[in-house]
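Colleague: Please take a close look at one part of this model, residue by residue. Then carry on to the other places worth a look.

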Amino acid sequence: MATVLLTGATGYIASHTWLALWAAGFDVVGVDDFRNSSPQVLERLAELGGRTPVFERADVGDAAAVNALLDRHRIDATVHFAALKAVGESAEVPLAYYRNNLGGLFTVCEALRARRIGRFVFSSSATVYGEPERLPLVETSRVGATSPYGRTKLMGEQILGDLATADAGWQNAILRYFNPVGAHASGRIGEDPRGTPNNLMPYVSQVAVGRRASLSVWGNDYDTPDGTGVRDYIHVCDLAEGHVAAVQRLLDAPGSFTVNLGTGRGHSVLDVVAAFAAASGRAIPYEIRPRRPGDVAACWADPGLAEQLLGWRATRDLASMCADAWRWQSHNPNGYDT
Ligand SMILES: NC(=O)c1ccc[n+]([C@@H]2O[C@H](COP(=O)([O-])OP(=O)(O)OC[C@H]3O[C@@H](n4cnc5c(N)ncnc54)[C@H](O)[C@@H]3O)[C@@H](O)[C@H]2O)c1
């Protein structure tokens, strides 16, 4: 069976992808330096998968460490998750974002290319589309990221495109995620943000569990059905299965591709609040605040190309995203430090 290298392997999306790859029969080698995740994830993966994770602790920007680990393991394909991901923080420390997100990408690609391991899956984001011209977003929609973080993703896509053009042995699967939420149905792994959550669902979860007093809803005067922002939330387990399908496609057929991974449905902030309150049985107090600069009114995917190319589509609905996020949050009120 093929072996997949996961960078950023103990992070939120990667840990769910790790389990999905195991379930599909792949072997996995994980690498992370725990800058935004916990070593506890490895114990939970062992418990859930019934096998010992193969893991290397390293900074993917460290060429010597990346080369050494590639000398130790035979790899057939890579999924490159390792990156910093906070949009607001990226505006405060842009060089740290360019250094880590692009420097890590260069280092990993150079080491892989030297070994002719050319199947590469890249964690991109709907943020590369910036302000949508029209909805739903298709892969050919205009791109134009509006933050340093978004630009690291857009530049990453462009660098990988150049690499595939220059090298017939290099094939990219560029996956543009919409809004990943939820957790594994076991409640044993999930999203564990450090400090104040940047994203809606973990914030709502922490309000529900009593860690935070109330939710700030940034604007209720957008041109959307209830005035609050609309996003395409996708269950992290659906997203994980999308990665398995992308890896399989790279193994089965030549050629690079870029696809949206979303559900094709938008939900407003107040939809999420109501669904979470129903799933948790807890009230979610919230306050309406002014719009935040840079937020778009609405954003959702046309996921048709992913279905056509990968035979994949998201199946889990908002109620199950909230139920699974709540199980994770209520069983682990302080995340992996519980
Ligand atoms: N969560 C989202 O909303 C979202 C949306 C679109 C795209 N993405 C992208 O998906 C990927 C995974 O996101 P996530 O939400 O799981 O984030 P995460 O922070 O939970 O996972 C990223 C992991 O990468 C590790 N990492 C970062 N830099 C590293 C380095 N130099 N060396 C080794 N490890 C390093 C971190 O420790 C962390 O475990 C990222 O590339 C992110 O930009 C995330």
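Modeller: Start with F34. F34 counts as buried because its relative accessibility is 10% (buried is under 20%, exposed over 50%, partly exposed in between, with a 1.4 Å probe and protein chains only). F34 sits in the loop between β2 (27-32) and α2 (40-49). Helices (H or I, at least four residues) and strands (E, at least two) are DSSP runs, numbered from the N terminus. The phi angle of F34 is near 65°, a positive value in a residue other than glycine.

This is a predicted model, in which local features need pLDDT of at least 70 and side-chain atom pairs count only at pLDDT 80 or more, while totals for chains, interfaces and linings use all residues. Residues are numbered from 1 along each chain as its sequence is written, and side-chain values use heavy atoms, without hydrogens and water.

R116 also has a positive phi and is not glycine; the angle is near 55°. R116 lies in the loop between α5 (94-114) and β5. R116 counts as exposed because its relative accessibility is 76%.

Next, the ligand. Around the ligand are 27 residues (a residue is near when one of its heavy atoms lies within 4 Å). D32, N36, S37, F81 and Y149 are the closest. By type, the shell holds eleven nonpolar, ten polar and six charged residues. Here Ala, Val, Leu, Ile, Met, Phe, Trp, Tyr, Cys and Pro are nonpolar, Asp, Glu, Lys and Arg are charged, and the others, Gly among them, are polar.

Now the polar pairs with the ligand. D59 places a polar side-chain atom 2.9 Å from a ligand nitrogen (a polar contact is a pair of N or O atoms within 3.5 Å; within protein, one must be able to donate a hydrogen and the other to accept it, and residues adjacent in sequence count only if both atoms are side-chain atoms). For K85, an N or O atom of the side chain is 2.7 Å from an oxygen atom of the ligand. For K153, a polar side-chain atom lies 2.8 Å from an oxygen atom of the ligand. On its own the ligand has 810 Å² of accessible area, and the protein covers 96% of that (Shrake-Rupley method, 1.4 Å probe). Three elements give two or more residues each to the shell: α1 (12-23), β5 (119-125) and α6 (148-166). The largest share, three residues, comes from β5.

Between β5 and α6 runs a loop, and P136 is found there. A cis peptide bond joins L135 to P136, with omega at about -5°.

Move on to R211. R211 lies in the loop between α7 (200-208) and β8 (215-218). At 37% relative accessible area, R211 is partly exposed. R211 touches Q206, Q329, P333, N334 and G335, not counting residues up to four places away in sequence (contact means heavy atoms within 4.5 Å). With P333 there is a polar pair as well: the backbone oxygen of P333 is 2.8 Å from a polar side-chain atom of R211. R194 is 17 residues from R211 along the chain, and their C-alpha atoms are separated by 13 Å.

S205 is in helix α7. S205 counts as buried because its relative accessibility is 3%. Leaving out residues up to four places away in sequence, S205 touches F276, A325, W326 and Q329. Q329 is thus in contact with S205 and with R211.

P285 comes next. P285 sits in the loop between α9 (269-280) and β13 (286-289). P285 counts as partly exposed because its relative accessibility is 39%. Apart from neighbours within four places in sequence, P285 is in contact with V207, A213, S214 and L215. The C-alpha atoms of P285 and W300 are 26 Å apart, with the two positions 15 residues apart along the chain counted as their separation.

Last, the cysteines. The structure holds zero disulfides (a disulfide is a pair of cysteine sulfur atoms within 2.5 Å). For C299, the nearest cysteine sulfur belongs to C322 and is 18 Å away. C299 counts as buried because its relative accessibility is 8%. For C322, the nearest cysteine sulfur is that of C237, 14 Å away. C322 counts as buried because its relative accessibility is 0%.
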